[in-house]
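Biologist: I am new to this structure and should be grateful for a close look at one aspect of it. Which side chains meet in salt bridges, and where do they lie?

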Amino acid sequence: MSHTAHIRSHRKPRRSATTSIAVRAGVAGGVLSMAAAGASASASAAETTQTLELPTLTADLAAQVAQSADATQQAAANYELEAERDAAAAAAAKEAKKDLADAKKKAEAKKKAEEARKAAAEAAVSRSSARTTLSASTTVSAPASGSVATVISFLKAQVGDAYVMGGTGPNAWDCSGLVQAAFKQVGVDLPRVSQDQSTAGTPVSLSNLQVGDILYWGSAGSAYHVGVYIGDGQYLDAANPSKGVVIQDLSGYPATGAVRVL
């Protein structure tokens with residue numbers, strides 16, 4: 001027997017080929033798994049990066065769109081403001097032109113009114129002189145021969161006077177005030193208003209009128225206007241505010257009836 005027969009070997013027992021292959025396969029599998037995991041992680045990271053970057057790009061684009069919209073809105077507001085200013089300027093110019101035209105019209109009207117006032121004053125002086133002459137040359141105490149002529153002369157002296165409701169002279173009359181004053185010149189006291197004057201004398205037909213007859217318009221007792229017949233188909237009356245005291249054709253405004261007081 002050898003002197004080494006009972007000494008154990010210190011070498012490690014050799015692994016079998018199967019075990020070695022399994023280990024290597026395991027290691028290789030682990031490496032591949034790690035590589036795959038790493039690749040997967042890299043791909044995931046790349047996708048994550050893309051996913052995170054897209055909102056940033058979208059936000060920038062939205063900001064640019066919003067900025068462009070704001071600029072467009074501001075431009076529109078500026079155009080609108082400019083249009084409003086132009087419209088206001090045009091309106092102001094039109095108003096100024098209208099005011100100028102109104103001022104010219106007022107100036108012309110004032111000038112015409114002043115001319116009319118002067119003409120009226122001159123006419124009043126002329127009528128006053130005529131009245132003074134008439135008073136000195138006629139008798140007005142009572143109805144007598146020539147009393148109708150006195151009434152007509154008085155009436156004609158008032159032609160051109162103004163018409164004023166309720167007027168009784170000496171320079172402004174209404175219809176019944178003038179008729180009352182005319183007949184008072186010969187001592188005939190007539191009622192004041194046209195309704196009563198239309199029944200004050202003897203009724204006469206319009207086909208049998210004489211100079212000095214009182215004409216009335218409306219029903220007897222409720223007449224709304226009176227005048228005096230002066231012959232030749234004409235009458236004299238205080239017509240209205242636009243005409244004043246005038247001589248008119250009876251055919252243009254036929255009377256309703258007439259009364260005779262002289």
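Modeller: The following account takes the salt bridges in turn. The model is a predicted one, and it holds 3 salt bridges. Side chains of opposite charge can pair when their charged atoms come close.

One salt bridge joins the side chains of K98 and D102, with an N to O distance of 3.2 Å. Both residues belong to helix α1, which spans residues 17-137. Because K98 and D102 are 4 residues apart in that helix, about one helical turn separates them. K98 is partly exposed, at a relative accessible area of 46%, and D102 is also partly exposed, at 26%.

Another salt bridge links R192 with D174, whose closest N and O atoms are 3.0 Å apart. R192 is found in the loop between α3 (175-184) and α4 (194-197), while D174 is in the loop between β2 (172-173) and α3; the pair therefore ties together parts that are 18 residues apart in sequence. R192 is partly exposed, with a relative accessible area of 26%. D174, by contrast, counts as buried at 6% relative accessibility, since buried means under 20%.

There is also a salt bridge between the side chains of R260 and D213, at 2.8 Å from N to O. R260 lies in strand β8 (residues 257-260) and D213 in the loop between β3 (202-204) and β4 (214-217), so this pair ties together parts that are 47 residues apart in sequence. Both R260 and D213 are buried.

Notes: Residues numbered from 1 in each chain as written. Predicted model: local features only at pLDDT ≥ 70, side-chain atom pairs only at ≥ 80, totals over all residues. Heavy atoms only, no water. Salt bridge = Lys/Arg side-chain N within 4 Å of Asp/Glu carboxyl O. Helix = DSSP H or I, 4+ residues; strand = E, 2+ residues; numbered from the N terminus. Buried < 20%, exposed > 50% of the residue type's maximum accessible area, 1.4 Å probe, protein only.
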